[in-house]
Structure formats: structure tokens, C-alpha cells
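Okay, everyone, thanks for coming. I'd like to walk you through one model today, so let's put it up on the screen.

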Amino acid sequence: MPLHIRTPYLRSSPLSQHQDVWLKLEALQPCGSFKLRGVGALCEARLAQGARGFISSSGGNAGIAAAYAGRALGVPVRVVVPETTSARARQIILDTGAQLTVHGSHWAEAHALAEELTGPQDAFVHPFDDPLLWQGHAVLVDEMAEQGPKPDVVVLSVGGGGLLCGVLEGLWRNGWFDVPVLAVETVGADSYAQSLKAGHPVALPRITSIATTLGAKQPCDESVHRAQRHPVHSLVVSDAEAVAAAVRLMDDHRLVVEPACGAALAALTQGHPLLNVARSIAVVVCGGVTTPDTELRALHARLSAPH
Ligand SMILES: *Cc1c(COP(=O)(O)O)cnc(C)c1O
């Protein structure tokens, strides 16, 4: 039995105004995001290879998924997070049964310690850059192919590019080579947009978006390489648009997701030439548990107020 669940693939009535909008509801995974698919597959493979512990350096949904996978598989997990990780995220990691170490003023420092702490018996669980992780994420496209019609375009959020690599793998193994992907980021976390433009991975000097879950300073190499073998287009939305779209999902479908996930949903209102000609649009509702509903509403009020 895999650790993830088969999520609903829902034709959204409120969002299907001019065309069909299908939502792949990854927010309903047991730990609240698609991350469990790849992280679960990776942890199961490492356990089978003899790993005795899992180590993660993510204070976000990847660390939470690693904690969940460890508990489910009976393997101890250590998550090293920087001081900037929210109290809520720390609490979820602890409640899920992992050991939490707080170290460093930013992710790179926490990551360096996590690598140092990784012994020969441990498996390091990367948040976005591992082929096993992508294979796990790809299963969500297998499910879409069974659950609904072939879409004209797939819309998703991009941070480090793990979800994108997985979805592309899923499209290929289902023969959907002609289904383009719209990769959405927020302003200030748009390392993938800049990398596509440059033709190679580009590092941002800093992350200025509130969608910190999308805040990989540089996407993984493979996410940029794969765009040479598949139609991948990029869209950058504002923080305000991402938050507004997350609030709209809350009102329309009673689901709470992070601004990182709101970014993909914002494409529907923001518009893009690919979407204008599509009759059916699939959106990966990737989820995320580190922004509670009260915080989403407060952000929405702040960001939509006149300056
Ligand atoms: C991890 C994550 C992303 C970004 O995924 P990548 O694989 O890093 O591109 C987007 N949204 C949510 C909610 C996530 O947890």
C-alpha cells in the first residue's frame, strides 16, 4: 500500500464558466499536499535498501511529508529547519512524530547541518530534486488519465521543479506528449520563469514573495532540461493574485491551501494565451498546510487594500 491516497479529480462548477476546469485535489492528501506522493515513494525505496533513518531540511510541506512517511513506516525522522520556519510548521512536524532541530538563519544553513547529520544508515529526503520523487509525483497524472477526460493544458505551481518533473513524467508515460504545461510562480519567487528565458537554471539573489513554499532560489536542472522536450510555458502572478485565488478556492470548495497553490489557481483569472484556447483545463491543486485560513484572509485584506 502506498502512503499517498488516490485524490478526487473534480470538475469545478464555480470555476467552469467559459471552459471546463478540472481540479486534481492534492490538498486532500493525508499530510495536506502532493509532496507525500514523491516523498512516500522515496522513503519506501530507501527503507527497502536498508535505510534506518530519514533526514529532511525542509520546514515546509516536504519536511511534514517526510515526518508522516517515517511514522507510517516506523522509521525515525529528523527535520532540520532554519529559525525562519513558522511556529505552526514546527508544531506540525513535532506532532507528526519527527525530531526537530532548529539551526541557522536561512534554509541553506539548515540544509548544510542536515547533510552533516546524515549518517551512512540514513537517507536524505530532498524536497524536489530526486528521480524517485518525480516517479512518485507522476502517479497523479496516471490517476487523472483514469478519472477524467484528456485535458488541453495542465496548470501547476513551480518551486524547485519537482512537481513539474513528476507531472511531465506522468504525461509522457500516458502518451500525452501534446498536452502543454503552464508553470506558475509568484513575483519574487520566479526562478523558473527566468531559467526558461535564459535556457539554463538561474539563481535568484533572494526570495521576496510571501509564497515561501515556491521560494527555491534555483530550480533543479532537470526541470529546465525537460522543457526542451515538452511544451512548457511560464506565467508569473502577483502575491495578491495568488492569495485571492486561494481565498476563492476556500469560498468555492471549502478547501484551505497555501498561496503557493493559489498561484496555479490564479492563472485562471489572470489569463494566458494557452488557457484562452483550451476547452478543458486541469489544475493541480497542490495544497500546503502552513498557512491557516485566518492568515489567508488577513493576507488577502492586506494585499488587496489600496496602498
Ligand atoms: C513543494 C510545493 C510546491 C512546489 O513544488 P516543487 O516541487 O518544489 O516545484 C508548491 N506548492 C506546495 C503546496 C508545495 O508543497
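So, to kick off: how do the residues of the lining of the second largest pocket divide into nonpolar, polar and charged? Keep in mind that this is a predicted model. The split is seven nonpolar, six polar and one charged.

Let's stay with that pocket for a moment. The space in there comes to about 180 Å³. It has 14 lining residues, and the ones closest to the centre are Leu15, His18, Gln19, Leu268 and Thr269. If you want to find it by elements, look for helix 10 (259–270) and helix 11 (273–276), which each give two or more residues to the lining. Helix 10 gives the most, with three residues.

Okay, on to the ligand. There are 16 residues around it, and the closest are Lys35, Gly159, Gly160, Gly161 and Leu163. By class, that shell has seven nonpolar, eight polar and one charged residues.

Now, which backbone atoms come up here? Take the glycines one by one. Gly159 has a backbone N or O atom 2.7 Å from an oxygen atom of the ligand. For Gly160, a backbone N or O atom sits 2.8 Å from a ligand oxygen. And with Gly162, the distance from a backbone N or O atom to an oxygen of the ligand is 2.9 Å.

One last number on the ligand: on its own it has 380 Å² of accessible area, and the protein covers 98% of that.

That's it from me, happy to scroll around the model with anyone afterwards.

Key: Residues numbered from 1 in each chain as written. Predicted model: local features only at pLDDT ≥ 70, side-chain atom pairs only at ≥ 80, totals over all residues. Heavy atoms only, no water. 1 Å grid on protein atoms, 1.4 Å probe; cavity = no way out; pocket = protein on both sides within 12 Å on 5 of 7 lines; lining within 4 Å. Points joined across faces, edges and corners; volume = space filled by probe spheres on them. Helix = DSSP H or I, 4+ residues; strand = E, 2+ residues; numbered from the N terminus. Nonpolar A, V, L, I, M, F, W, Y, C, P; charged D, E, K, R; others polar. Near = heavy atom within 4 Å. Polar contact = N/O pair within 3.5 Å; in protein donor to acceptor, adjacent residues only side chain to side chain. Areas by Shrake-Rupley, 256 points an atom, 1.4 Å probe, with all protein chains shown as cover.
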